[in-house]
Amino acid sequence: MEQVIENPESLKFEPPVCSHVLNLNKFLSPDHKDSALLILNQKITVECVFEKLWANYNLHVCADGGANQLYEHFHEEELRSKYVPDYIIGDLDSIRDEVLNFYLSHGVIVISQSWQYSTDFTKSLQLISLHFFKPEFRELLSSERFEQNYGIDDCHGIETLYTAERPNWSTRDIDMLVLNAIDGRFDQTVHSITQLYMTSRTDAYYKLCYLTSTDIIMLIPSGGTLIKYSKDFKQHCVKNCGLLPLGGPTVIKSTKGLKWDVCNWHTSIMGGKVSSSNRFVGESYCYFDVEDPLVLSIELTLSRLVEFI
Ligand SMILES: Nc1ncnc2c1ncn2[C@@H]1O[C@H](COP(=O)(O)OP(=O)(O)OP(=O)(O)O)[C@@H](O)[C@H]1O
Ligand SMILES: Cc1ncc(C[n+]2csc(CCO)c2C)c(N)n1
């Protein structure tokens, strides 16, 4: 039976046994080297956590104009020189010459890809896969030069390499945080959502997550997911949440630990039934069991988050 259950402000329960567990406290502090921070082209608005995030992620990549934003985030050359990405990639129509020259002179690998059938965001993900899963790719880059585009076809060489290599890879999970994927241009924002769903199907090794100045956004896979957090973290950092069926109509089989828990709940944008402005009331856990992947947004207080990551 379809149900909505309104809970008290705090709920204590034994966590269900679940193979997919997310620790919110640790979510932005991956404990292994297979992690990447990708900066897209909008102003960096997560100032209070930016430097910590940079330190927490192993690989740093800017998509085209994302490099301008990294450069402009710092007002002094000395600081800029400490936060130098590993790669810049894209059609290079947005990066300013001053920025390009600065990062080239600091040893950044800048790859031009002029292909107009995929975005700089997608090109960045393909590059990051090649970086982690094709060791010879890194050797190729170190033996060639920017002027020759490192021997990579500058139309869609990265996509071609990635497509050819992908079937042979034995992959490991990559924790991937993307800044500036949401807000600003609406078509780009929707593209970022498309990328969440696409990546979960074609490159499920990516654990993609978007951070904005107000929210953290991720895809909850079909089946059960247990989100755990400390009482302190919940009290200081977590506010509203949304379980958003952006990939199409689906059923939330059950939730446990939300202010408004649901059971066999048919959710869709067309039907006008979407769980927004919900919140976590589970003392240490929140559990979801969903039929198809759903977007989960969690409102976070960034100024407090900095103490936890
Ligand atoms: N206003 C925006 N809002 C959200 N995302 C953005 C916005 N602008 C750019 N992005 C993201 O940053 C990436 C790099 O953007 P940039 O402006 O440098 O290149 P672009 O040529 O305009 O974008 P693309 O070629 O990918 O369409 C884009 O692929 C996109 O994912
Ligand atoms: C049906 C269709 N719609 C839009 C574009 C345009 N486009 C999509 S990604 C991209 C890259 C920008 O760097 C551009 C221009 C296309 N090719 N095909």
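**View 1. The surroundings of ligand 1.** Of the 20 residues around ligand 1, those that come nearest are Leu40, Asp64, Gly65, Thr119 and Gly184, a residue being counted as near a molecule if its C-beta atom, placed from the backbone, lies within 6 Å of it. Two elements, α5 and α8 (186–202), each give two or more residues to this shell; helices here are DSSP runs of H or I with at least four residues, strands are runs of E with at least two, and both are numbered from the N terminus. By class, the shell around ligand 1 holds four nonpolar, eleven polar and five charged residues, where Ala, Val, Leu, Ile, Met, Phe, Trp, Tyr, Cys and Pro count as nonpolar, Asp, Glu, Lys and Arg as charged, and the others, Gly among them, as polar. This is a predicted model, in which local features need pLDDT of at least 70 and side-chain atom pairs count only at pLDDT 80 or more, while totals for chains, interfaces and linings use all residues. Residues are numbered from 1 along each chain as its sequence is written, and chains are lettered from A and ligands numbered from 1 in the order in which they are written.

**View 2. The surroundings of ligand 2.** Around ligand 2 lie Asp91, Gln116, Tyr117, Ser118, Thr119 and Asp120. This shell comprises one nonpolar, three polar and two charged residues.

**View 3. Helix α5 against helix α8.** The axes of α5 and α8 cross at roughly 30 degrees and come within 10 Å, axes being lines fitted to C-alpha atoms, for helices over the stretch in contact, with angles running from 0 to 180 degrees between N-to-C directions. The two helices α5 and α8 are therefore roughly parallel to each other, since angles under 35 degrees count as roughly parallel, over 145 as roughly antiparallel, 65 to 115 as roughly perpendicular and the rest as oblique. Phe121, Thr122 and Leu125 of α5 make the contact with His191, Ser192, Gln195 and Thr199 of α8, contact requiring C-beta atoms, placed from the backbone, within 7 Å. The contact of α5 with α8 has two nonpolar, five polar and no charged residues.

**View 4. Helix α5 against helix α7.** Helix α5 (residues 120–133) packs with helix α7 (residues 157–165) at an angle of about 50 degrees, their axes lying 9 Å apart, and α5 and α7 are therefore oblique to each other. From α5, Lys123, Gln126, Leu127, Ser129 and Leu130 meet Ile158, Glu159, Leu161, Tyr162 and Glu165 in α7. The residues of this contact divide into five nonpolar, two polar and three charged.

**View 5. Helix α2 against helix α4.** Helix α2 (residues 66–73) and helix α4 (residues 97–105) have axes that come within 10 Å and cross at roughly 80 degrees; α2 and α4 are therefore roughly perpendicular to each other. Ala67, Asn68 and Tyr71 in α2 meet Val99, Phe102 and Tyr103 in α4, and the contact of α2 with α4 has five nonpolar, one polar and no charged residues.

How values were computed: Contact = placed C-beta atoms within 7 Å.
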